[in-house]
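Trainee: I'd like to go through this one with you and ask how we back up each thing we say about it.
Mentor: Sure, let's put it on the screen.

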Amino acid sequence: MKLKSNVAVSDSGFVFNAATGDSYSINPIGQFIFNLIKNGATEEEVIKHILKKYSVDRPTAEKDLYDFKKILESYKLIDTTNE
Amino acid sequence: MTDKMQYERPVIKPLNTGLMNKFGTRTEYEPFTHIDGVAVADIIKEFGSPVFVFSERKLRENIRNARRIFETRYPKVQFAWSYKTNYLNAICNVYHQEGSWAEVVSRFEYDKALQNGVPPDKILFNGPDKTDSDLELAAQNNSPIHIDHLDELYRLIDIAAKMKNKPRVAIRVNMDTGVYPMWDRFGFNYENGQAWDAINKIMATGKLNLTGLHTHIGTYMLSAEAYGVAAYKLADLAINIKNVHKKNLAYIDMGGGFASHNTLKGSYQTGADSVPPISQYAEAITTALLNAGINTEELPWLYLETGRALIDDAGFLLGTVISNKRLADGRRATIMDFGVNILFTSFWYNHKISPAQPFGNYTEDCVLYGPLCMNIDVVRENVTLPPLNAGDHVVVHHVGAYNISQSMQFINLRPAVIMIDMKGKPHMIRKQEKLETLERDEVVPDYLSKFKL
């Protein structure tokens, strides 16, 4: 899971895809995940960070991350070709 | 765990400035955590989920407010609680304690009102389906019978012939009030002369005591003026009866149909923004009656059978999120533990739904499904809500009217119903259904009682 190079995220949760001109808003936990991906974290590492920071059980975090990843894929914001 | 942050699902939403969408804008800004001071979470903990909750305070406030509004405009006003709107006995009795009579549309409802202790002469008997036995009982009890069609009229004349006392009757009148669709299925038409013909028949037999006129011009009426037209036409009939038959009518019954603050599907504005307040209905009706030309001393009583507008906002449905899923087209779907079987009104309302716990600033467009294994079980087709997690609680607003009386026992057992009293104490007013509740009246023939697999 790798953030595409043409995607920028602001501190306030604004996502911009320079390649398409599309923009998105993202909630704080989404932003937290985005930044982890940006810094090269693997999925397992992202889960661990979420469990450490947020009051949530692992199955919920995993399920929601999987869904989030699929949405990011559909918006063409991340690259999963090498997974 | 306590030093960790509250979890919210990660959400990303495309920004489409200026484009229209079917989800509309965000509506929920604060969690709805308490009803009359009682925590939603505590109610669910004690009585389970889903659960219906009624606020006694709101029920009483609504009827008192409606009475005040009408009584300040007209000298003789009587409300009759519309049993079909919600006939849980505890609910009916709140209205009876507030002075409301009963308005019933079937023998079952008639018996219920009697059992609740309503004096029979204060039970208005409406509806197109009254058997001979129903008519006999109501006539003996001196209950006002609102005649719906000629067959009923002739049967009642036959019944009255065998009685000492004349049954008290009113005729149900339908009419063009300027709204579409026109409700012409109940009673006799005003414009084509059916109503006047029925009145003349009643007066000619001498066996019935014509005491009133009734109309039910529609339901969820968004135009108060239509009531003014209806009241004027009924008053016109009353004046003709006085002129031709030398008889003063005791009452004019304007039926029900005042809208509540729910939002109808397909309407652009929310219910709260588009529905006339009760004062507008009252102004239209009472102005028409007072100005119709009836002598002040001979003004008839004004009966009102208001149901929905008096109870909708006193009822809440509390529920819990079962799961979230992503649909094939990318929409988010949230599955709730309550469905259309107990929330029948979700077929025609976009119910307001509030999360019952704190949430963040971000929202998601989603579809809300019920728990039934049926494709039609959709509570909201499009709604914008904060991300909800499995186990989160929600509150559905304005569910007091019709959901209890029209609920279906389908797939799931129906939930408990709670009333929070004036002091903030919850009381169970209907227990949750059990398997035994449903099987009590089932009969399995002996030869079907055993099988081997």
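Trainee: Which strands does α1(A) lie across, and at about what angle does it run to β4(A)?
Mentor: This is a predicted model, so keep that in mind throughout. In it, α1(A) lies across β2 and β4 of chain A together with β2 of chain B. The angle to β4(A) is about 110 degrees.

Trainee: What makes A:Ile29 and A:Phe34 of α1(A) buried?
Mentor: The cut-off is 20 or more other C-beta atoms within 10 Å of the residue's own. Both residues are on the buried list for α1(A), along with A:Gly30, A:Gln31, A:Ile33, A:Leu36 and A:Ile37, so each of them meets that cut-off. After the helix comes A:Gly40, with a positive phi near 90 degrees.

Trainee: How do you know that β4(A) and β2(B) pair?
Mentor: Pairing takes at least two bridges. β4(A) and β2(B) have three, in the antiparallel sense, so they pass. In one of the matches, A:Ile26 has B:Ile12 in β2(B) as its bridge partner.

Trainee: What is the strand order of the open sheet that contains β2(B)?
Mentor: The order is β2(A)-β3(A)-β4(A)-β2(B), four strands with antiparallel pairing.
Trainee: Why do β2 of chain A and β2 of chain B count as standing at the edges?
Mentor: Each has a single partner strand, so one side of each is left without a neighbour in the sheet. On average, neighbouring strands here are turned by 25 degrees against each other, direction ignored.

Trainee: What makes β5(A) and β1(B) a pair?
Mentor: Again, the bar is at least two bridges. β5(A) and β1(B), residues 5-6 of chain B, have two, so they qualify. Their sense is parallel, and A:Tyr54 stands opposite B:Met5.

Trainee: How many residues of each chain are in contact?
Mentor: 23 residues of chain A are in contact with 18 residues of chain B. To count as a contact, the C-beta atoms must lie within 7 Å.
Trainee: Which elements of chain A give two or more residues to that side?
Mentor: β4, α1, β5 and α3 of chain A do. The largest share, eight residues, comes from α3(A). By class, the chain A side has eleven nonpolar, seven polar and five charged residues.

Trainee: Which domains does the assignment give for chain B?
Mentor: Domain 1 is 34-54 + 313-433, and domain 2 is 56-312. Their C-alpha centres lie 33 Å apart, and the contact takes 22 residues from each of the two.
Trainee: Which strand gives the most to the side of domain 1 of chain B that touches domain 2 of chain B?
Mentor: β21(B), with three residues. That side of domain 1 of chain B has twelve nonpolar, six polar and four charged residues.

Trainee: How do you know that β14(B) pairs with β6(B)?
Mentor: Three bridges link β6(B) and β14(B) in the parallel sense, against a minimum of two. β13(B) also runs parallel to β14(B), joined by three bridges. B:Tyr303 in β14(B) has B:Gln78 opposite, and B:Asp253 also stands opposite B:Tyr303.

Trainee: What are the confidence scores like for chain B and for the model?
Mentor: Chain B has a mean pLDDT of 94, with 97% of its residues at 70 or more. The model scores ipTM 0.94 and pTM 0.91.

Note on methods
Residues are numbered from 1 along each chain as its sequence is written. Chains are lettered from A and ligands numbered from 1 in the order in which they are written. This is a predicted model: local features need pLDDT of at least 70, side-chain atom pairs count only at pLDDT 80 or more; totals for chains, interfaces and linings use all residues. Ala, Val, Leu, Ile, Met, Phe, Trp, Tyr, Cys and Pro count as nonpolar, Asp, Glu, Lys and Arg as charged, and the others, Gly among them, as polar. pLDDT is the predictor's confidence in each residue, from 0 to 100. Domain bounds come from an automatic or database domain assignment. A residue is buried if 20 or more other C-beta atoms lie within 10 Å of its own, exposed if 12 or fewer, and partly exposed in between; C-beta atoms are placed from the backbone. Axes are lines fitted to C-alpha atoms, for helices over the stretch in contact, and angles run from 0 to 180 degrees between N-to-C directions.
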